[in-house]
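I opened this one to see how its chains are built and how they meet. Here are my notes, in the order I looked things up.

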Amino acid sequence: MDSLSSLIDGFGTALTPLNLLWAAIGVLLGTAIGVLPGIGPAMAVALLLPVTYGLDPTGAFIMFAGIYYGGMFGGSTTSILLNTPGESAAVVAAIEGNPMARAGRGAQALAAAACGHFAGGMIGTILLVVLAPTVASLAVDIGAPDYFAIMVLAFIAVTSVLGSSRIRGFASLLIGLTLGLVGLDQMTGQQRLTFGSLQLADGIDVVIVAVGLFAIGEALWVAAHLRRTAGESIPVGRPWLGKAELRRTWKPWLRGPLIGFPFGAIPAGGAEIPTFLSYVTEKRLSKHRDEFGRGAIEGVAGPESASSASAAGTLVSMLTLGLPTTAVAAVMLAAFQQYGIQPGPLLFEREPELVWGLIASLFVGMVLLLVLNLPLAPVWAKLLRIPRPYLYAGILFFAAVGAYAVGGEPLDLVILLIIGLIGLGMRRYGLPVLPAVIGVILGPAAEQQLRRALQISDGSVTGLVNTPFSITVYAVILVLLGWPWIKRVLSRGRAARAED
Amino acid sequence: MSTTGTDPTAPPRDSGLRALLRGRSELGVCLILLVLGVLVLTDAITMDTDITQRGPIGPTTVPIVVGVLLLVVAVLLAVDVLRGGRGEAEGGEDIDLTEPGDWRTVALLAGVFLANAVLIGPLGFPISGALLFWGSAYALGSRNLTRDPLIAAVLSLVTYVVFNNLLGVPLPGGPLMGVL
Amino acid sequence: MSSVRARTPLALLGAVLIVLLGPPLLTSGSGTDTGTSIPGLQFMVPNTPGGGYDITARTAAKSIEDAGLNHNVEVFNLPGAGGTVGLSRMVNEHGNGKLAMSMGLGVVGAVHTNHAPSGLGDTTPIARLTEEPDIVVVAKDSKYKTFEQLLADWKKNPRKMPVGGGSSAGGPDHLAPMLMAKAAGITPKSVNYVPFDGGGELLASVLGGKVAFGVSGVGEYLDQIKSGELRLLAVTGPKRVEGLDAPTLKEAGVDTEFTNWRGIVAPPGLTDVEREKLTRLFTELHGSQQWKDALKRNGWSDAFLTGDKFGTFLAAQDRRVDTVLKELGL
């Protein structure tokens with residue numbers, strides 16, 4: 001196999017002591033900076049770009065790979081421990097991860113996330129090696145109608161996270177969709193719900209919404225009902241994953257990449273939608289469905305694995321097509337250009353040593369990340385033992401830093417507070433928070449793809465169903481929706497036969 | 001249709017009037033949804049759409065759908081509440097729902113947070129950030145006047161240095177920047 | 001008790017001193033500026049990391065540092081509304097001689113489409129740095145082999161020919177096909193322009209044949225053109241691009257030209273000395289070997305223009321964009 005021998009050469013490059021050192025530094029820096037509020041992997045890579053200027057290209061990109069994966073992992077750490085996701089891919093990790101941390105299982109949540117990242121990254125990178133050219137050529141065939149079909153599927157999946165009261169879940173989803181409407185209309189540039197403010201023109205970032213609803217809303221709600229009598233701190237619990245937990249997590253770890261990798265590879269895929277879909281899938285398949293929302297470990301393991309695999313998928317289209325599908329990939333593309341290297345169809349021929357060294361160092365980086373983070377998980381988890389007033393004051397403080405650091409706009413802080421107050425109200429009146437966040441993620445994306453598909457077909461509705469892919473997805477949706485009915489018909493038929 | 005569990009925030013023996021008020025407070029959510037729906041619809045209808053549009057879906061279509069759904073859900077929720085449906089207040093490790101809501105603390109925290117947004121420009125991040133941390137800790141019941149301000153100041157300054165000096169993410173330094 | 005009471009004011013005093021004195025003492029470069037260098041110089045990027053203005057600003061900052069023109073240049077992003085959020089901040093930083101913003105034609109368009117309160121006329125123009133023509137590309141298996149074939153079909157039925165571009169309405173990739181349509185006798189309003197989220201998403205749509213043709217900056221797809229994945233039909237600038245086998249629009253029978261450009265502006269209200277310093281910094285950058293190498297690497301053409309000439313150019317661009325967008329009803 002051609003790519004296999006190239007990969008072995010790549011390991012030769014990646015495992016030189018110096019390159020190993022760069023990978024280790026990258027992983028450390030990436031984790032350290034990803035943990036900071038408001039700084040996701042894209043920002044981390046952009047900020048650390050100057051650090052690599054002194055290195056040769058291979059060393060620099062090996063370090064980048066470490067920063068990228070490290071940043072993603074650091075992002076989920078704050079998400080799990082403090083309920084403040086630093087980037088959109090880590091939003092889902094907060095849903096189950098934070099309740100776990102509150103219940104004294106923070107170390108396990110972090111370990112499940114670390115192993116998830118490891119599994120997702122490993123499988124994703126293997127798929128990258130094996131499938132890169134095939135996936136890349138398939139990815140460009142996915143167009144707006146196909147995306148829209150996936151969005152419809154995702155919206156149907158939302159119904160499973162609406163909570164015990166459908167009407168309240170739906171109200172929450174609509175609040176999210178409304179927040180998602182704010183900003184310039186992507187197709188025509190019309191202002192919607194911006195009230196003439198330029199700061200609102202780009203819409204409200206999903207991270208601001210998530211931090212507002214999760215972290216600020218939670219802190220205010222806790223403040224309203226703070227348990228003042230029992231001063232016992234959160235137990236740290238066992239540092240490692242037990243057998244029972246491993247039994248629950250290994251399947252999600254392996255399933256995550258199947259959802260995450262294809263989404264990363266297609267343009268406009270990103271990590272939000274696959275992490276959400278992975279969450280919903282795990283909820284459906286879990287034997288512990290009642291635990292979801294209160295700290296189900298599958299809900300951390302699956303999405304985290306999907307998010308890392310989607311990062312690997314991103315690299316496929318970037319390396320083979322020069323096609324940046326996420327902000328991180330765009331920054332890395334810019335970094336490649338700084339070194340006079342143009343990723344694209346010719347990259348594998350022109351710079352084989354660099355590319356295969358980079359891919360090999362992804363494997364190395366992931367091992368380093370796991371080795372570094374598993375022992376650290378219990379240490380991080382101890383963070384939650386600090387007294388309650390300091391803990392919640394710290395959450396408010398870091399949420400504010402994160403919101404402000406991104407754009408330097410005091411208005412962002414006001415928006416954050418307003419969304420936090422909405423989150424407080426939703427908790428008081430039993431509106432689930434999750435559908436609102438999903439609405440912000442899915443709403444704008446679905447609308448954009450729908451309108452783009454119609455624009456391309458010049459307004460003809462057939463433009464939505466003119467690809468085999470979209471037709472397949474709609475067929476799947478019909479089967480899913482009709483399943484209860486189909487099942488009834490089948491069982492009736494069987495019953496009738498039994499009577500005969 | 002909805003969870004009709006007893007509201008644990010309610011004191012055990014309520015007078016009829018208070019119970020009625022409690023029942024009505026959730027109608028406030030319906031009112032907010034209603035107002036939101038009207039707002040979205042007004043914004044969509046007043047939008048100037050003199051722009052080349054392809055097909056049935058333009059910049060106002062989705063807002064109109066969302067706005068109408070908001071109104072519908074507001075009405076359905078109101079019906080649900082009047083029939084006796086109650087949203088279940090969220091529980092949690094640090095939450096004691098047997099106590100009545102302490103809304104003074106919430107107002108204090110929101111005020112401190114808002115003050116941070118207002119002061120971050122003129123006073124700089126280290127000062128406003130320290131006030132945010134100390135103020136929040138105070139509101140949440142920490143009364144150590146020696147330790148708290150020092151923790152707040154150090155935390156704020158360290159954050160400032162990490163972001164501004166080490167990472168190059170500019171944060172406002174305060175009134176003495178450029179003077180010293 | 002008394003010791004606690006004595007400690008509290010001390011702690012408060014200490015806290016106040018930390019937050020007041022800490023930042024200025026720990027931040028170097030806030031002292032007085034001497035010589036040619038500008039200590040604490042910052043470049044603001046009005047779009048996200050990885051975007052065009054971001055690459056321009058970071059490349060310029062690195063070249064400035066490497067050439068030893070200024071000790072340290074800090075680059076930060078303030079994205080939003082096509083660059084107009086950054087522009088508003090710029091205008092608010094009245095008199096700040098240590099700040100410069102990378103910008104380009106896209107910001108000119110965004111000011112119009114977003115009805116932004118402040119325009120580029122409110123800033124101090126420093127220098128235009130680079131320019132690049134747009135290109136018209138199709139996938140390798142497209143039926144269009146020449147621009148003339150494409151044009152003939154486009155004229156016949158503009159509504160059925162979706163045009164993909166990497167910028168939103170008012171941006172360069174939107175203006176280029178509109179100007180082309182106008183010059184070719186097609187009503188700009190009937191052009192079916194489909195905006196994509198940057199060059200990456202657009203590339204996928206062109207490769208996958210989702211749009212009839214794509215319009216983008218020449219630098220973005222050099223590699224795909226060379227490898228034969230994309231077929232280049234025309235360049236929009238006044239001259240052919242070296243090394244690329246494609247006619248200009250004029251040669252292909254459409255009498256118009258379009259060039260995207262990027263430059264640097266500073267806040268309003270600068271003293272003459274401050275303006276001179278910034279202009280000299282960029283003039284020296286322009287002369288440096290590091291910058292020349294960077295231009296070559298990125299496929300940018302040099303389009304250096306400073307001061308009042310750049311100001312006049314900005315005003316002329318503003319009028320041109322205004323005319324086009326008015327016709328489209330934006």
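**Chain A: domains and a helix pair**

I started with the domain assignment of chain A, which gives domain 1 (2-226 + 238-466) and domain 2 (468-500). I kept in mind from here on that this is a predicted model.

Next I looked up how far apart these two domains sit. The centres of domain 1 of chain A and domain 2 of chain A, taken over C-alpha atoms, are separated by 35 Å. I then listed their contact: ten residues of domain 1 of chain A meet seven residues of domain 2 of chain A. On the domain 1 side of chain A, I noted nine nonpolar residues, no polar ones and one charged.

Then I picked a helix pair in chain A. Helix 8 (residues 206-224) of chain A packs against helix 17 (residues 434-456) of chain A at an angle of about 175 degrees, and their axes are 10 Å apart. How do the two run relative to each other, parallel or antiparallel? Angles over 145 degrees count as roughly antiparallel, so helix 8 of chain A and helix 17 of chain A are roughly antiparallel to each other.

I wrote down who makes that contact. Helix 8 of chain A brings Val206(A), Val209(A), Ala210(A) and Leu213(A), while helix 17 of chain A brings Ala436(A), Val437(A), Val440(A) and Ile441(A). By class, that is eight nonpolar residues, with no polar and no charged ones in the contact.

**Chain B and its side towards chain A**

I moved on to chain B, where I found six helices and zero strands. Along the sequence the pattern reads α-α-α-α-α-α. Chain B has 180 residues, and buried residues make up 38% of them. I also checked contacts between residues at least 6 apart in sequence: in chain B, 62% of these join residues at least 24 apart.

I took a closer look at helix 6 of chain B. This helix has 21 residues and reaches 29 Å from its first C-alpha to its last, close to the 30 Å expected at 1.5 Å a residue. Its buried residues include Asp148(B), Pro149(B), Ile151(B), Leu155(B), Tyr160(B), Phe163(B) and Asn164(B). Just after helix 6 of chain B comes Gly168(B), and I noted its positive phi, near 75 degrees.

Then I turned to the interface with chain A. I found 64 residues of chain B in contact with 59 residues of chain A. Helix 2 (27-45), helix 3 (61-82), helix 4 (103-123), helix 5 (125-139) and helix 6 (147-167) of chain B each supply at least two residues of the side that touches chain A. Which helix of chain B gives the most to that side? I found helix 4 of chain B, with eleven residues. By class, the side of chain B that touches chain A has 38 nonpolar, 15 polar and eleven charged residues.

**Chain A against chain C**

The contact with chain C came next. Here 41 residues of chain A are in contact with 44 residues of chain C. Helix 3 (41-48), helix 12 (327-338) and helix 17 of chain A are the elements giving two or more residues to the chain A side. Helix 12 of chain A provides the largest share, six residues. I sorted this side of chain A by class and got 23 nonpolar, 14 polar and four charged residues.

**Chain C: make-up and domains**

I finished with chain C, which has eleven helices and ten strands. Its C-alpha atoms fill a box of roughly 90 × 45 × 35 Å along the principal axes. Of the 330 residues of chain C, 53% count as buried. Among its contacts between residues at least 6 apart in sequence, 76% join residues at least 24 apart.

The domain assignment of chain C gives domain 1 (41-131 + 260-328) and domain 2 (132-259). I noted 26 Å between the C-alpha centres of the two. Their contact takes 20 residues from domain 1 of chain C and 18 residues from domain 2 of chain C.

For the domain 1 side of chain C, helix 4 (105-113), strand 4 (124-139), strand 9 (259-266) and helix 11 (307-328) each supply at least two residues. Helix 4 of chain C gives the most, with six residues. My last entry is the class split of that domain 1 side: eight nonpolar, ten polar and two charged residues.

Methods:
Residues are numbered from 1 along each chain as its sequence is written. Chains are lettered from A and ligands numbered from 1 in the order in which they are written. This is a predicted model: local features need pLDDT of at least 70, side-chain atom pairs count only at pLDDT 80 or more; totals for chains, interfaces and linings use all residues. Axes are lines fitted to C-alpha atoms, for helices over the stretch in contact, and angles run from 0 to 180 degrees between N-to-C directions. Helices (H or I, at least four residues) and strands (E, at least two) are DSSP runs, numbered from the N terminus. Angles under 35 degrees count as roughly parallel, over 145 as roughly antiparallel, 65 to 115 as roughly perpendicular and the rest as oblique. Two residues are in contact if their C-beta atoms, placed from the backbone, lie within 7 Å. Ala, Val, Leu, Ile, Met, Phe, Trp, Tyr, Cys and Pro count as nonpolar, Asp, Glu, Lys and Arg as charged, and the others, Gly among them, as polar. A residue is buried if 20 or more other C-beta atoms lie within 10 Å of its own, exposed if 12 or fewer, and partly exposed in between; C-beta atoms are placed from the backbone. Domain bounds come from an automatic or database domain assignment. The expected span of a helix is 1.5 Å times one less than its number of residues.
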